[in-house]
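Please work through the exercises below with the sequence and the structure at hand. Each task is followed by a stepwise solution.

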Amino acid sequence: MNEFLGFLVNGLSLGAIYALIALGFVMIFKATSVMNFAHGSIVLLGAYVVGRTHDEVGFWWAALLGILAAAAAAALVDLIVLRHARGADLGTLAILTIGVDTLLSTELTREMGTAILDAGAPWGTSTVHLGGTSVPLSRLVAALVAVVVVAVLWAVFRFTHWGVRMRAAAEDGTTAALMGIRLGRVAAGAWAIAGVLAALAGVFLTSFPSPGISPAAGVTALAAVPAWVLGGFDSFPGAVVGGLVIGVVTALSAGYQEHLLFLGRDLAQVAPYAVMFLVLLVRPSGLFGSKEFARV
Amino acid sequence: MSSGTLIRSVRRSVRPLVLVAGVLLALAAPLSLNGFWLQSGLFAMAAAVSAIGLTLLVGRAGQLSLGHAFFVAVGAYGYCYLAGTSSADGVRGLGLPPLLAAFGAVVAAGTAGALFSPISGRLRGIYLGLASLGLVFLGQHILKNAIPLTGGFNGRDAAPLDLFGFSFSDSDPAGFLVLGVPYGQLERLWYVGLVCAALAWWSARNLLRSRPGRALATVRDSEVAAGAMGIDVVRYKAAAFVLSSMYAGLGGVLTALAFGRIVPDSFGLSASVAFLVMIVIGGIGSVGGAVGGAFFVTLLPLVLDHYSGRLPFLSPPGSEGLDAAGLSEFVYGLAIVLVLLFAHGGLAGFLRRAATALRRTPGRDTDRPSDDERAPLRSHTAKEPAS
């Protein structure tokens, strides 16, 4: 039972990280209808900047730099590339971001070489005992940060002018534009916020217990795709729930690995996708996503 | 006789000549090409067959798939399993005649596509793309764990192809000469590749111009309209997936033959993305474009790597600077972005526009791409004149 509880807590905290990434996916999708395959690279970029600079300026400044770099990179991707393809087909936009991802991740991989950088977070490798189980401190901080971020996002959307503009643009772009909302700015802003979330996730994704910052983190970030799909493509609560579900599934399938050997080794890497298939079979638009209707 | 008619009549008489010359060149290539170029060419032909399947699926049926490498893997491993023999290290094989095994592998890939149809028939566009992304990871898991079938992480050998006693390997008959040139495994396989690529090209071109091909285009443009016209949308979508998987399966068999030994890493996410890149660069929906894209994407890293010693701006792999693999990634990342932003319709679209400009004569300026050739994942904005 204790063992199960431990896996559960670990899974939830991992899920919080996935939720951060999935929220970024939802944000970008709602604002610009883009499935952003370059998100993994942006996660990696945030983590890389932190890893590179924390020796010189200390972790907190490095984290700020990483967040700013990721936000700027995401906004630039929108401004330089995607702005010129507005209104194009979903597939075209997705392939376009694959191209951007290829460029970004190749450059980052080249910069990193074979060395594995350390995120240099102050919580290091310490663990916390919680109800008879031990959880890495970094994961607890991640969960806390995720909760704060979700609360702040909610408040921003609910109470600020910017949030209202963003919601209006997502609801009906043309009408919003007629009301004087600058869609270009809203879109770039949404990308920048997604970048911030990606950088936060990147830092936690590469802190203990993971080995450090390597190009593999970009692929690990892709595990948030099932989370996003699971929750529905355009739902913020869906992204959070999806993230948590995927986190728990991953942790459980890793934890009970020995009992599940008949399904093969490294089950944790595919379990999220298996869950995604199951959900898509039953609910093609995810758990919370808005349905597409067509009348024939 | 105006200059336009002159150009047209020249084109008409030159075209068959170019075709014949091309075929003769392709047939004679093994006489002069060395091993590196033969092998690279084979890889490119294998990729071309798979890419044709993907361009039919994405371009014609409008179903985005990021899981194409999975079906290529089913073809490749299917062939190795059916044609291979059981060995001591736990890897099983049925030892069927290779030709039968190749057919079986293509059917297996098609079956895999059909098994995916409960998902592929329901989802559209990006949703399908994401679901098929899961297929790649699932595929990698199976390839690494189903050891009796796949040999696990280290992969398994592909049995050489054998046609009525003539083996497509270095022996049987050993020391086989054509015009004084020794014909080993690569030289012999070259013709298998040519036949498969030509078959794939021809069947895909025919499909695009057939009734089912047009039905698929209607499904792509509007499922509602297609349904109203009496097209069984779900069935057609599933059929498109099965067909594209069969092309992928054939491409997989060729890949297995060209490599001689296959490992899971060749069928991962990057392979799936590479197939997408091929059809985007070539022009989505164009069969010729898919072949051109396949050659470009396959040959670029191989050639850069082969000649990296002679290119001053490249550094050896693993060092700080830009190596051949890195450069080719940059080139094709950039190619995707530039093609999608500026060169509408990819390589095929570019050539078509060039041809149209050449051909344009007074009173004949309605020369727009036909429905068959139009790039399908097109923009909904009014950047282009609607055709």
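The exercises treat confidence, helix geometry, burial and contacts in turn.

The model is predicted, so that local features need pLDDT of at least 70 and side-chain atom pairs count only at pLDDT 80 or more, while totals for chains, interfaces and linings use all residues. Residues are numbered from 1 along each chain as its sequence is written, chains are lettered from A and ligands numbered from 1 in the order of writing, and side-chain values use heavy atoms, without hydrogens and water.

**Exercise 1. Confidence**

Task: State what the confidence scores are for the model and for chain B.

Solution:
1. The model has an ipTM of 0.82 and a pTM of 0.84.
2. The mean pLDDT (the predictor's confidence in each residue, from 0 to 100) of chain A is 84, and 97% of its residues score at least 70.
3. For chain B the mean is 80, with 86% of residues at 70 or above.
4. Among the elements of chain B (helices are DSSP runs of H or I with at least four residues, strands runs of E with at least two, numbered from the N terminus), the highest mean pLDDT, 91, belongs to helix α3 (residues 68-83), and the lowest, 68, to strand β4 (residues 177-178).
5. Residues 363-387 of chain B have pLDDT below 50, yet this stretch makes 47 contacts in the model beyond near neighbours in sequence (contact: heavy atoms within 4.5 Å).
6. Where pLDDT is low, the predicted coordinates should not be read in detail.

**Exercise 2. A helix pair in chain A**

Task: Describe how helix α5 (residues 137-159) of chain A packs with helix α6 (residues 161-171) of chain A.

Solution:
1. The axes of α5(A) and α6(A) are 5 Å apart, at an angle of about 80°; axes are lines fitted to C-alpha atoms, for helices over the stretch in contact, and angles run from 0 to 180 degrees between N-to-C directions.
2. The two helices are therefore roughly perpendicular, on a scale where angles under 35 degrees are roughly parallel, over 145 roughly antiparallel, 65 to 115 roughly perpendicular and the rest oblique.
3. On α5(A) the contact is made by V156(A), F157(A), R158(A) and F159(A); on α6(A), by H161(A), W162(A), G163(A), V164(A), M166(A) and R167(A).

**Exercise 3. Length and burial of α8(A)**

Task: Compare the expected span of helix α8 (residues 183-206) of chain A with the model.

Solution:
1. The expected span is 1.5 Å times one less than the number of residues.
2. For the 24 residues of α8(A) this gives 34 Å, and the end C-alpha atoms are 34 Å apart, which agrees.
3. Of these 24 residues, 19 are buried (under 20% relative accessible area; exposed is over 50%, partly exposed in between; 1.4 Å probe, protein chains only), leaving α8(A) mostly covered.

**Exercise 4. Two single residues**

Task: Decide whether V337(B) is buried or exposed, and likewise T125(A).

Solution:
1. V337(B) lies in helix α14 (residues 324-341) of chain B.
2. Its relative accessible area is 8%, so V337(B) is buried.
3. Beyond neighbours within four places in sequence, V337(B) contacts V81(A), L96(A), G99(A), V100(A) and L103(A).
4. T125(A) sits in the loop between α4 (90-112) and β1 (127-130) of chain A.
5. T125(A) has 56% relative accessibility and therefore counts as exposed.

**Exercise 5. Burial in chain B**

Task: Identify which residues of helix α9 (residues 211-221) of chain B are buried.

Solution:
1. The buried residues of α9(B) are G213(B), A215(B), L216(B), A217(B), V219(B) and R220(B).
2. They pack against α2 (35-60), α8 (185-208), α10 (223-228) and α11 (233-259) of chain B.
3. In chain B, 50% of the 387 residues are buried.
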